[in-house]
Each structure stands twice: as structure tokens, then as C-alpha cells.
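Me: I would like to go through this model by question and answer. Please keep the replies short and end each on what was asked.

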Amino acid sequence: MVIDSKNSDTDRDDDVCERLASDFQTAMLRTGFFVFLFRGNLLLMLTLERFSFGIGDRFAHQAAAQLRAFQMLEARGICVAPVWNKSNREHTFIGSEPQSVFDAGRAAVEALGWKRPWHVDADHIRLETVDRFMSCSDFFTIDVADSIGKPAAAEDVRAFVDRHSELQGPIELAGLAVPLSISRAEIERVVSKYLLAVQDAGRIYRYIAAAKGEANFIAEVSMDETDAPQTPPELLIILAALADENVRLQTIAPKFTGRFNKGVDYVGDLQQFEKEFNGDLAVISFAVRQFGLPANLKLSVHSGSDKFSLYPIIRRALERTGAGLHLKTAGTTWLEEIIGLAEAGGDGLALAKEIYAYALEHVDELCQPYASVIDIDRRLLPAAATVNSWSGTQLANAIRHIPNHAEFNAHMRQLLHVSFKVAAKAGTRYTDLLKRNAEIVGKQVTENIYDRHMKPLFLD
Ligand SMILES: [Zn+2]
């Protein structure tokens, strides 16, 4: 990772040499540079590990508690790279700067003595929003979903179809019973739908590469924030087009079938998901060889957190194929903070109840930006007066994601998930409580990641 010390305005008073030495040390700690063969050229590139896990930390107080879960997993012999992610939207809602995500990650890495790679993801950036992430991120999620379905130049579409007659197949894909054959008309339809998005990804990728150096960042292309899922044949065509644009992506986040609501389990057809997920893995492994994409290219699942029922499917697929995975979660750490404060009682519990009461009063405003990724039945949201009569444990039980717990309420959980800006408004009153209750809050954060996510994905 290349660190631009000019942009670290948080500790101006530091001795510059000390600062650069520490940046260099951090860069060395994070080093994951490997030689790549890309379209006949050998390249030294910052390389994402086989397994990586995206974690959100809205208020930048839980990085150490999050990292502890990765250490516990490492102690069991499984290495997963932590990737701290925070989107422009979340920064805007909270009023934070991207540099704070890097600073919190580095502090945690130093405090816990983490010697393995770690990354900072400029999550869902576009050309208009990438600049302020440039110096403090080494992972960029290039979001081109908005350009899906917009027309690309007709001659570009025609040129793609002519250039890629091999896509018409039949293509034998390892692990798939039936070879893939895609008609010329179908290729044309898919390219017409996605080519402009791919060209956008190329523009954003080259912009980042010009600023940072192509070898110094990990590129992900995301198309998940759209209505229609991309099928495996569509993914194949998209990857061919990305290779044509010379985008050396290491992860791709398609939209999968089903609903990925924030902070709650998957809603959809599990069999269909499994079929698609396995199809995508087969397509990726073929595309790496056929189009010379980076050998570590893998799926990124923008899970919206807590897709527990998908974990056994994903795990089976990874074990069967040896594929890698980036699993992005969506800042549910903030819910663990509320759970911890509720459990702490006293002022912590009082603020947790206040936040809920405020959220309930402003439900429209808070839910509107997330309308497509939450499903809240308002009749099942308890009244503020009811919640005010609850004990801390009762409130914690209602929010903590143990789906079969009698007191769990998925509607409350989703509402609070999108209400982090209410806590941001409470300012230091909220963050001081986090500091004062660091132990009980941190325990929730670590246990959540380790017990509910890592264990089912990697251990038991
Ligand atoms: Zn996403």
C-alpha cells in the first residue's frame, strides 16, 4: 500500500520521519505483493488473499474487537484477511473522513500485533466520489450498477460480439453438468445491457491506477445494487468485457438471486442460489484462464450481513472447488454496540432506548435511503413505551441476531441497523459511552463475528 503522508491530517504534530517510518512499517505489515501473469506480462501486484472478510465499523471504535475474531480464527489455522470497509454514503451520514477507517485499522493492527495482511476498502465508489479515498485505501469497490441497462455505442457492442465468437460455445465448465452455449443474439443482448457499466469500470480503474500505480491496489467491480440478478452466462460475458478493458479485478460482486436485506438472513430460493453460486465459480475459473484475468479472481458476496442460511452452501462450494471468497458484511458492528450498551445498563441502556424511540418516530426518513434492502413490517415494531419498560437483556435479545430466540425481532433489528445516524447525532455522548463500556461492547463485536460468521463458514 502506498501511503501519502500529506493526507494524514490527523496528527500533524508528529515528527515526519517517525511518521514515515511507521507508515513504511505498516505497509510492510500489509504487504501481499505477488507476481502475476497478466496477458503474457509478469507483474508484481498487491494481491488479495484467498479468504477475506469485509467488516464495517461505523464509529471507528471496534477495529480491535473485530480483529480479535480474525486472530481467534488464525489460532484455529484459518487465515482470513480483514478488510475494513465504509462507503461514501456512510461517511456522509456520520460526517467522518475515509482516513479515519485506515487510522482505526492501523491502531488495531499495532495494538494486537497482527502480522498478516489487512486492507481498507473504498466501498462502492464511483468517479465522483473516489478522490478522498485515494490515499487511505488499497482496495477499491468500483460500483457501476447505475450504468447497467444504459446503452453503449452500437459499434462497441458489435465489435465485442465479433471478437468473442468463442463465447457461443459450447463451453465445458468444470463442475457443471451441461456445457454452456450462448447464442449470438443472447451475447448481443447481454453486452448491450452491461457494456457501458464495464466501460465505466474501466474509466474508474484507470483513474485509480493513474493516482496510485496499478500494482498498488486491489480492484473489485460491483454490480450488486441493481434489481435483476446476473446469471452465470451473464457473468462470463461481463468478465470477458472487463478483460477487454484491461481491468485487473481481483473480486467481482454480482447481484445474486434472492433478497439480501441488511442485517438479517437471506430471503429466497436456497437451491437456486446454490446453483447460481456454483455456476459463478465455474465461470470465474474458466474466465481466468480464457481471458488472462488475475489468477486469484474470486466472488465477493455483498451479504448485507448475516446471511446465515447461505453459509453452508458457500462453505460446501469452497471446499469442493478450492475457490476463494470475499464476504462483505454491512456494519452490523454498530448493532453490537447498541447490544453492548443495553447489556451494560445505566446510561448505556438509557441511550439505546432513546435511539430506538427516535428511530421509531423518524422511521420514514431513516428507511428511505435503504428502501430496497430492508423489509420492515411496522406493525411488528414495539412502541417506545414498551421498549422503555424492558431490561437491558431483553433489549439485547430483541436485537441480537439469534433467529430462533423467542425475543428476537427482525423488524427492530433492521430499523436500528439503518438508524446509525441517530447515534452519530448524539456525538460524544454516544462515543464516550462506547469508551466507558469498551469491554462489554467489544465482547459482543468479537463474538458476533467469530461465532455467527466465521465458525459456520470455516470451522464447524
Ligand atoms: Zn454492495
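**Questions on a predicted model**

Me: Between which strand and which helix is the loop that holds Ala 60?
Reply: This is a predicted model. Ala 60 has a phi near 55°, a positive value in a residue other than glycine. The loop that holds Ala 60 runs between strand S3 (51–55) and helix H2 (63–75).

Me: Is Ala 60 buried, partly exposed or exposed?
Reply: Buried would need under 20% relative accessible area, and exposed over 50%. The relative accessible area of Ala 60 is 31%, so the residue is partly exposed.

Me: In which loop is Asn 246 found, and what is its relative accessible area?
Reply: Asn 246 is not a glycine, yet its phi is positive at about 60°. The loop is the one between H7 and S8. Asn 246 is partly exposed, with a relative accessible area of 39%.

Me: Which protein residues are donors of the zinc ion?
Reply: Along the chain the donors follow the spacing H-x99-D-x77-H. They lie 2.0 to 2.3 Å from the zinc ion. The donors are His 124 (NE2), Asp 224 (OD) and His 302 (ND1).

Me: How many residues apart in sequence are the parts that His 124 and His 302 tie together?
Reply: His 124 counts as buried at 16% relative accessibility, and His 302 counts as buried at 12%. His 124 lies in strand S5 (residues 119–125) and His 302 in strand S9 (residues 298–302), so the pair ties together parts of the chain whose separation in sequence is 178 residues.

Me: How many aromatic pairs are found in the whole structure, and is the pair of Phe 93 and Phe 420 stacked, edge-to-face or tilted?
Reply: A search of the whole structure finds 19 aromatic pairs. The ring centres of Phe 93 and Phe 420 are 6.1 Å apart and their planes are at 40°, so this pair is tilted.

Me: Which helices hold Phe 93 and Phe 420, and which charged residue lies over the face of Phe 420?
Reply: Phe 93 is in helix H3 (residues 88–94) and Phe 420 in helix H16 (residues 420–426), so the pair ties together parts 327 residues apart in sequence. Phe 93 is partly exposed at 26%, whereas Phe 420 is buried at 0%. Lys 421 lies over the face of Phe 93, at 4.4 Å from the ring centre. Over the face of Phe 420, at 4.2 Å from the ring centre, lies Arg 58.

Me: Which residues form one aromatic cluster with Phe 260 and Phe 273?
Reply: Phe 260 is buried at 13% relative accessible area, and Phe 273 is buried at 0%. The cluster that holds Phe 260 and Phe 273 also has Phe 256, Tyr 266 and Phe 277.

Me: Which helices do the buried residues of H5 pack against?
Reply: The buried residues of helix H5 (residues 154–163) are Val 157, Phe 160 and Val 161. Seen down the axis of H5, they fall within an arc of 95°, so they line one face of the helix. They pack against helix H6 (184–212) and helix H7 (232–244).

Me: Over which residues does pLDDT stay under 50?
Reply: The mean pLDDT of the chain is 91, and 91% of its residues reach 70 or more. The stretch where pLDDT stays under 50 has 37 contacts beyond four places in sequence in the model. That stretch is residues 1–29.

Note on methods. Residues numbered from 1 in each chain as written. Predicted model: local features only at pLDDT ≥ 70, side-chain atom pairs only at ≥ 80, totals over all residues. Heavy atoms only, no water. Phe/Tyr/Trp six-rings, centres within 6.5 Å; stacked < 30°, edge-to-face > 60°. Helix = DSSP H or I, 4+ residues; strand = E, 2+ residues; numbered from the N terminus. Buried < 20%, exposed > 50% of the residue type's maximum accessible area, 1.4 Å probe, protein only. Lys NZ or Arg CZ within 6 Å of the ring centre and 35° of its normal. Donors = N, O, S within 2.8 Å, 3.2 Å for Na, K, Ca; no water. Arc of directions from axis to C-beta. Contact = heavy atoms within 4.5 Å. pLDDT = per-residue confidence, 0-100.
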